[in-house]
Amino acid sequence: MNTFEQFNLPKSLQKAIDELGLTTPTPIQEKSFSVIMSGRDVMGIAQTGTGKTLAYLLPLLKQWKFIATDSPRIVVLVPTRELVVQIVDVIESLTKYMSVRTLGIYGGVNINTQKKAVYQGIDILVGTPGRTMDLALDNVIRFDSVQKLVIDEFDEILNLGFRAQVTSVLTMLKNKRQNILFSATMTDEVDAMLDEYFDLPEEVTLAASGTPLEKIEQLAYKTPNFLTKLNLLKGLLREDESMSRILMFVNNKKIADMVANSIEEEFPEQFGLIHSNKSQNYRLNTMASFQAGELRGIITTDVMARGLDISDVTHVINIEFSEVEEQYIHRIGRTGRADKSGIAISFVAPHEEEIFIQAEILMEKEIKILDLPSNIEIATRLLEFEKDKKKIKFLLKKPKIEGGDAFHEKSKKNQKVNLGGPAKTKPRKTKPTNRGVEKKRAAKRKNK
């Protein structure tokens, strides 16, 4: 059996790994180690929950040598605040017996506090792209000493709209450095960034993009509307005691708040709520309560779908099906981790059936459809946001009208484009007026 000792790590690092109870490296850790050690640029494709964080940290920390500088020598960019905190914790655990200063930076907290921490000196900087760029533009963070750049969950960084910030950071870095990029999926946008900023990266692939995790049982219920989804959710929570550590996903903050309010009355103080409108302290405290077993579950948006290592999640429930098929895989990957099995349940409304099928095609796997339990009340009323989606779906599926010549002539007229020049249409005939004359007439009428 392979152990971490095959990597010939320094005693200080090996001792920390032993104390963490880690014995066997994961496949991505084995495959990445020698490639990263070679100093070449690396592109790693691996599913969520495969041990990517240690895959890049172990070779980087093996090569660590003390240099008298207060500027970061390793920069790690990740998409969310929670992931920054998690990776900083991992680094601090691994460097317990090493002289390494680590700092995590992210938005949503006082930037001046972070500036003071930077001025005290950093060796490894972990940050979200936005806050990293802000501090770099203020000349608080300097990249003169950076030898290694790691971009983790790169596809999600791009999905969240951080392309401009990542590009800015890349242009500020010196040319001579090693780039290490990890992504769960390989998209055209990821490819384009690699071509522009990486030097012939060596690819380390663990599994085909979008491959499902086999330890997860995937189930679904077809539901006519959102109120029926809420009835089904409450019914499952009441009757299934195995649902002891649950992550429940929706697509936006407003709906997350709605779900939390709906179930709070029947299940008081059992479920936490995390989305981007919640303060950083609130989010971290909710995560800590869930990890400690004080909460039965968390209602959240896709802010928690990527990278976070939450132990022993028994169920993932997609109250709303994800809007992107790859994101479905990241969500369900929160369960079935560390050789444990898990269950993923999706509630699928009519307007979500198309993306549901796309996810099945991506995974090359059918999701088992279950009948709605007989005791679940089927609601008839649609909420406002569902009416909009129904309308959009109708417009998208509206058949092309095959009209005659008269229809096409009319259609052409409606396609006029305003290029900003003078109007071609005849001006509307209006009665000429003279304001001065009108005022005099009004004054006469008043005097009468």
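**Exercise 1. Determine which side chain makes a polar contact with the side chain of Arg177, and describe the setting of Arg177.**

*Solution.* In this predicted model, the side chains of Arg177 and Asn179 make a polar contact at 2.7 Å.

Step 1. Arg177 is located in the loop between helix 8 (163–172) and strand 6.

Step 2. Arg177 is buried but has no salt bridge. Asp41 is the nearest side chain of opposite charge, at 6.8 Å, whereas a salt bridge requires the nitrogen and oxygen to be within 4 Å.

Step 3. Apart from neighbours within four places in sequence, the contacts of Arg177 are Asp41, Val146, Gln147, Leu149, Leu170 and Tyr197.

**Exercise 2. Establish where the buried residues of helix 14 lie around the helix, and what they pack against.**

*Solution.* Step 1. Helix 14 covers residues 353–363, and its buried residues are Ile355, Phe356, Ala359, Glu360 and Met363.

Step 2. Viewed down the helix axis, these buried residues fall within an arc of 150 degrees, so they line one face of helix 14. An α-helix has 3.6 residues a turn, so residues three or four places apart point the same way.

Step 3. Exposed Glu354 and Ile361 are carried on the face turned away from the buried side of helix 14.

Step 4. The packing partners of the buried residues are strand 8 (216–222), helix 13 (325–332), strand 13 (342–348) and strand 14 (368–370).

Step 5. Glu364, just after helix 14, takes a positive phi of about 55 degrees.

**Exercise 3. Describe the salt bridges Lys96–Glu19 and Lys52–Glu153, stating whether their residues are buried or exposed.**

*Solution.* Step 1. Lys96 and Glu19 form a salt bridge with an N to O distance of 3.0 Å. Lys96 is in the loop between helix 4 and strand 3 (102–105), and Glu19 is in helix 1, 77 residues apart.

Step 2. Lys96 counts as exposed because its relative accessibility is 52%, and exposed means over 50%. Glu19, at 42%, counts as partly exposed.

Step 3. In the salt bridge between Lys52 and Glu153, the closest N and O atoms are 3.4 Å apart. Both Lys52 and Glu153 are buried.

**Exercise 4. Identify which helix gives the most residues to the largest nonpolar core.**

*Solution.* Step 1. The largest nonpolar core has 37 residues, and those with the most contacts inside it include Leu13, Tyr56 and Val126.

Step 2. Among the elements that each supply at least two residues of this core are helix 1, helix 3 and strand 4.

Step 3. Helix 3 gives the most, with seven residues.

Terms used: Residues are numbered from 1 along each chain as its sequence is written. This is a predicted model: local features need pLDDT of at least 70, side-chain atom pairs count only at pLDDT 80 or more; totals for chains, interfaces and linings use all residues. Side-chain values use heavy atoms; hydrogens and water are left out. A nonpolar core is a set of buried Ala, Val, Leu, Ile, Met, Phe, Trp, Tyr and Cys residues joined through side-chain atoms within 4.5 Å. Buried means under 20% relative accessible area, exposed over 50%, partly exposed in between (1.4 Å probe, protein chains only). Helices (H or I, at least four residues) and strands (E, at least two) are DSSP runs, numbered from the N terminus. Lys and Arg count as positive and Asp and Glu as negative; His and the chain ends are not counted. A polar contact is a pair of N or O atoms within 3.5 Å; within protein, one must be able to donate a hydrogen and the other to accept it, and residues adjacent in sequence count only if both atoms are side-chain atoms. Contact means heavy atoms within 4.5 Å. The arc is that of the directions from the helix axis to the C-beta atoms.
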